[in-house]
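Trainee: I have a predicted complex open and would like a close look at one part of it. Please take me through that part and then place it in its surroundings.

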Amino acid sequence: MILGQSSSSRIVSHAVLVTGAIIMVFPFLWMILASLTPQSEIFDGSLLPTPTLHGAIDNYGTALSAIPLLRFMANGFVVCLAILVLQIAIAIPCGYALAKLSFPGRPILLVGVLLGLLVPVQIPTIPIYIALAKSGLLDSYAALVLPWIISVFAIFLFRQFFVTFPDEVLDAARLDGFSELSIAWRIMLPAAWPAVVSFSIFSIVAHWNDLYWPMVVITNPDMMTASLGIAYFRQAGEGAGNVGALMAGGVLVTAPLVSFFLLMQKHFIRGLVLGRH
Amino acid sequence: MAALDLHIDDIGKRFGAIDVLRGICLRVAAGEFVTLLGPSGCGKSTLLRIIAGLERADQGHVRAGGRGLDAVAPKDRDLAFVFQSYALYPHLSVHDNIAAPLVMRELSSLERLPVIGALLPGAIQRKRSIQERVRQTSGLLKLDALLERRPSALSGGQRQRVALGRAMVRKPKIFLMDEPLANLDAALRIHTRGEIARLHKEMETTTIFVTHDQAEAAALSDRVAVIFGGELRQVAAPADLYREPVDLDVARFLAQPFLNELAVAAPIGGALMIGGSRIIIRDALGSGLAGTLAFRPEHATLAEKDHPGALPVRVTRIEHAGIDAHVFVDAEAGAQFVARISAERARSLRDGDNLGLTIDAEQAWFFPSNGSRQRGDHSGAA
């Protein structure tokens, strides 16, 4: 037990935390149970739906057959991966240059990065949309990926991580024959690994769940990502009004992220807590 | 492998309004071990970084083996640098740290890739040769048992040896070392100092070694270059530096650990008057020059108080230091001196004893207040 804390205050704080956890977990629990319950029995007046095997087969069957859910998820996977790889490929050298190389205009560029953090994506939506439309890229992976590949958040995060890296190691690397780019990739990237993992989780979650941008640039169902696909399912086709099947789709779409987070949990929290190392 | 000579010509460097280095000229012979010695902030590390190409000089040139280095990138200068903080790659094992300079130089970027690299012609032989050389170096430095460890799992002394190994493995023509012993504890520092001396003897690589520790400089160097405030004051073999410091700063810096100083008015007729006695020293005394008489504690002797020609003094404190003792004495008019005498002799002394201090005039120096010491030709015994 932690010194100085009485057992009663511990009970109170645990009670508060448990209540909060229940409130947050409840919608997910309801989603999972509803996805396993026949459509007619979901709203039967009880707090939680009662699952049946028949309901489960029905709902998941509908979710997978009424719309190309797996195709949506594959789209989402390709898009998230492409965004992440390109974001890191751009942000690592940028962060390194902003942290460790001296060149004219560096302070102004850093201010620019910080200002970029303040602009919400909704602001440049129309110009970007027009640009994509004029280049004939609407309804393509490029439309989903390209607007995101420069992440000022990633640049700033990595820059903060790199600033504390000892300069002597970089000097040693320069004498050992590393080029500036190979310093960025072979020394800075491994050193920033916890930050890379944290950022990856932020990026993947944000883009997997993103509904706004796919809605702007995608109209062809073949190019839809998972979130947009679920929204499409709700409004159109056989799925309309079928809550059980909709919840089954929700479970399928959420599952990859939750399992990914559980796998990476240790790195994720370490990266957030340490901030360096 | 032939060592290279190193010529430093009129190097100057400014940081903002501060002259960090002014007109430094130094010739280092092939295979020579030269120490840059000076207090912190004197510019010695900056000079080393300029030689390495990590810093750009505002004026002057660096040449190695007759080749101008000013426009040559650090990695192409064929020299290795050992940093005070060791600067190991934190995510690489000891083996990979030592191999890094070879891998980066001898393998193409394709050949460095894990699987594809192995398929390219010649890459396997080259990798094997790299491993062979890493193994030789780690054997020389007794690092064999540590090859798989990360730097974070090593002690300071082990990290130091890895840093040396990384510098040695590609057999550079010139070694640059920036206070490589400063972060080690005293015993390890002496030990590693010996190792460095031994390695230098075996490899005969031209070495420039930066330190603020005069004992380290004296123990290792063929010659010592003393730098003060960005100026090169004196370059000499350790023994000569000890015997013939060129100015008061150098003499003070090389005092171990005390130096006796006495401000003296204009000398008269080739002699100094101290406490009523005439002292004739070797140094030329420009007539009418005021200055400072300086001598080491080991060149002062304590005699009876009525000893002819001795300066009357009174013991204020005795510090024992093993075989010797330092005796602090007050003279008239507030002057203070230190004499180094045998511990045996010091046992018979007490605080407050009245004694006479005599100076070995042969070993004393006169530093005029407006410049460097003028070494005299005449003998002090005149």
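Trainee: Which residues of chain B does the UniProt annotation "domain: ABC transporter" cover?

Mentor: Happy to help! This is a predicted model, in which local features need pLDDT of at least 70 and side-chain atom pairs count only at pLDDT 80 or more, while totals for chains, interfaces and linings use all residues. Residues are numbered from 1 along each chain as its sequence is written, and chains are lettered from A and ligands numbered from 1 in the order written.

The unreviewed UniProt entry places "domain: ABC transporter" on residues 6–254 of chain B (such annotations may be inferred rather than shown by experiment). That span is 39% helix and 24% strand, with its end C-alpha atoms 26 Å apart (helices are DSSP runs of H or I with at least four residues, strands E runs of at least two).

Beyond the domain, look at β11 (260–264) of chain B. β11 and β20 (365–368) are the edge strands, each paired on one side only, of an open antiparallel sheet ordered β11-β14-β20 (pairing takes at least two DSSP bridges). Five bridges link β11(B) with β14 (residues 291–295) of chain B; in one of these strands, β14(B), B:Phe295 is the bridge partner of B:Asn260. On average, neighbouring strands of the sheet are turned by 25° against each other, direction ignored.

How far to trust chain B? Its mean pLDDT is 86, and 94% of its residues reach 70 or more (pLDDT is the predictor's confidence per residue, from 0 to 100). Residues 377–382 of chain B fall below 50, yet have eight contacts in the model beyond near neighbours in sequence (contact: backbone-placed C-beta atoms within 7 Å). Where pLDDT is low, predicted coordinates should not be read in detail. The model as a whole scores ipTM 0.81 and pTM 0.80.

Now for chain A. The unreviewed entry marks transmembrane regions there, including 72–96 and 183–205. Residues 72–96 of chain A are 100% helix, their end C-alpha atoms 36 Å apart; residues 183–205 of chain A are 96% helix, with ends 29 Å apart. Helices α3 (residues 69–100) and α9 (residues 180–191) of chain A have axes that come within 10 Å and cross at roughly 100° (axes are fitted to C-alpha atoms over the stretch in contact, and N-to-C angles run from 0 to 180 degrees). That makes α3(A) roughly perpendicular to α9(A) (65 to 115 degrees). A:Ile92, A:Pro93 and A:Tyr96 of α3(A) meet residues of α9(A), among them A:Trp185 and A:Met188. The residues of this contact divide into eight nonpolar, no polar and no charged (Ala, Val, Leu, Ile, Met, Phe, Trp, Tyr, Cys and Pro count as nonpolar, Asp, Glu, Lys and Arg as charged, the others as polar).

Conventions
Parallel < 35°, antiparallel > 145°, perpendicular 65-115°, else oblique. Contact = placed C-beta atoms within 7 Å.
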